[in-house]
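Subject: Structure handover

Hello,

Here is the structure we spoke about, with my notes below it. Please read them with the model open.

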Amino acid sequence: MVFLSNLVLTVALAAAGLGAALPPKIGNTVIDGKASLKQVRNPHHVHNGALSVYKTYLKFGAPIPDYLEAAVANLTRAGPGKRATGSASATPIDTFDDAYVTPVSIGTPAQVLNLDFDTGSSDFWVFSSETPSSEVNGQLIYTPSASSTSHLLSGYTWSISYGDGSSSSGNVYTDTVTIGGLTVSSQAVECAEQVSSSFSSDSAIDGLVGLGFDSLNTVSPSAQPTFFDNAKSSLDSPLFTADLKHQAPGTYNFGYIDSSAYTGTITYVPVNTSPGYWTWTSSGYAVGTGSFSSTSITGIADTGTTLLYLPTSIVTAYYRQVSGSSNSRTYGGYVFPCSTTLPSFTFGVSSARITIPGTYMNYGPVATGSSTCFGGLQSSSGIGINIFGDVALKAAFVVFNGASSPTLGWASKAL
């Protein structure tokens, strides 16, 4: 792992008012109030469009439609797929930009795990020495007893439930965590004692780094701060940026905005932090060279979701312009001939516009060698929430501003 910054931050959990049950606050040491993190590839990704949709349903606790269950069963017989991610220190494993991992150092001496950076959740959880061997499928594990800086939070537990009735859960330690040179000395590390099958099948994903708001954290009896929330008071600016790329390594920066990473100006919009997502409202959309339709589209900016999920009316308006497209129950979503040239998709950020190139809207073949491709835009109707996932985020430079009144900043960039 190559660290790209000399930043060392020491922040205690008690700084967020977690009560006497947690370790006392340790003084902050700041060498430089910023950090830059380059992406690296997940070397074991298996591409599967239906499975990407399926796991989005699971993530947001939505009931799985029968047709989607059947599509996943049909398309995964050759082997499991991978969860959609967008990660600081991650690169897309294949040409479809849908599998990212982040090397993260935990403990003393450091134990390096490959984690998913996820702005759509707020738990820092990992496969661990306490995870049953039957639920570990090639993942790296964190062993608290091997770290001289680990401390068990007695009586603390965590549990995340999914739409298929499965769950991941366990106990909680604090330990030193370093990501790209950015170090938090007493980060809550949630150790899995049980892992849902959807994560067990992801052999290259060893856990998650949640970057949503603390209210989404599932630790009981007291919710724990995210890695970003622990670190942000010592950053030059309380923000991080996502500069995901298409078929190339992207970058997450903490504490500063790289003016060379975008073009024009950054347009900021308010964020609704309830129940804990980076929720914002787009001002409308356009398909290809068509006219802009002004309409409010409230959704979340989520690096942990691969696709773009919008209302059915917008999705159908898009695919009306795609020759040979259909909403396939067999494949679990909108598909089209791979030979088709897709139109671009534009969404509004107040008066600004972000345009997703048509090439980004193609998630890739429904199966290896197939001439049928899966759409990067799918309906949000069954999920219950609109999601600006990596398909949208790759087309923009995005600022996650965690100030007292949080905002999201969007800017165009060279694509």
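The model is a predicted one. I begin with how one helix sits on its strands. Helix 5 lies across strand 13 (279–287), strand 14, strand 15, strand 18 (345–349) and strand 22. Its direction is at about 135° to strand 22.

Those strands belong to an open sheet of seven, ordered 19-18-13-14-23-15-22, with mixed pairing. The edges are strand 19 (352–356) and strand 22 (377–379); each has a single partner strand, so one side of each has no neighbour in the sheet. On average, neighbouring strands in this sheet are turned by 45° against each other, ignoring direction. Strand 15 and strand 23 (residues 386–388) run antiparallel and are joined by two bridges. Across from Ile387 in strand 23 stands Tyr309.

Next, the nonpolar residues. In soluble globular proteins, nonpolar side chains tend to be buried together. Here the largest nonpolar core has 104 residues, and the members that touch the most others are Phe254, Phe345, Phe347, Ile356, Leu408 and Trp410. Beyond its neighbours up to four places away in sequence, Phe345 touches a number of residues, including Tyr285, Val287, Leu308, Leu310, Ile314, Tyr318, Ile356 and Leu377. Another core lies apart from the one around Phe345; it has seven residues, among them Tyr262, Ile266, Phe397 and Ala411.

Now the annotated positions. An unreviewed UniProt entry lists Asp118 and Asp302 under "active site". Although the two span 185 residues in sequence, their C-alpha atoms are no more than 6.7 Å apart, so they gather at one spot.

Asp118 is in strand 4 (residues 111–118). With a relative accessible area of 0%, Asp118 is buried. Its side chain makes a polar contact of 2.7 Å with the side chain of Lys59.

Asp302 sits in the loop between strand 14 (293–301) and strand 15 (308–310). Asp302 is also buried, with a relative accessible area of 0%. Setting aside neighbours within four places in sequence, the contacts of Asp302 include Asp118 itself, Lys59, Phe60, Thr119, Gly120, Ile387 and Asp390. A polar atom of the Asp302 side chain lies 3.1 Å from the backbone nitrogen of Gly120. Note that Lys59 comes up twice: it is in contact with Asp302 and has the polar contact with Asp118.

Two further residues are worth a look in the viewer.

Asp175 lies in strand 7 (residues 167–179). Is Asp175 buried or exposed? Its relative accessibility is 0%, which is under the 20% limit, so Asp175 counts as buried. The side chains of Asp175 and Tyr142 are joined by a polar contact of 2.7 Å. Outside its neighbours within four places in sequence, Asp175 is in contact with Tyr142 and others, including Ile106, Thr108, Ser147, Ser150, Ser185, Gln187 and Val189.

Ser325 is in the loop between helix 5 (312–319) and strand 16 (326–328). Its relative accessible area is 22%, so Ser325 falls in the partly exposed class, between 20% and 50%. Ten residues along the chain from Ser325 is Val335, and their C-alpha atoms are separated by 5.5 Å. Not counting neighbours within four places in sequence, Ser325 is in contact with Tyr319, Val335, Phe336 and Pro337. With Tyr319 the side chain of Ser325 reaches the backbone oxygen, at 2.9 Å.

Regards

Methods:
Residues are numbered from 1 along each chain as its sequence is written. This is a predicted model: local features need pLDDT of at least 70, side-chain atom pairs count only at pLDDT 80 or more; totals for chains, interfaces and linings use all residues. Side-chain values use heavy atoms; hydrogens and water are left out. A nonpolar core is a set of buried Ala, Val, Leu, Ile, Met, Phe, Trp, Tyr and Cys residues joined through side-chain atoms within 4.5 Å. Buried means under 20% relative accessible area, exposed over 50%, partly exposed in between (1.4 Å probe, protein chains only). Contact means heavy atoms within 4.5 Å. UniProt positions are given in the numbering used here, feature names are shortened, and annotations may be inferred rather than shown by experiment. Helices (H or I, at least four residues) and strands (E, at least two) are DSSP runs, numbered from the N terminus. A polar contact is a pair of N or O atoms within 3.5 Å; within protein, one must be able to donate a hydrogen and the other to accept it, and residues adjacent in sequence count only if both atoms are side-chain atoms. Two strands pair if DSSP finds at least two bridges between them. Axes are lines fitted to C-alpha atoms, for helices over the stretch in contact, and angles run from 0 to 180 degrees between N-to-C directions.
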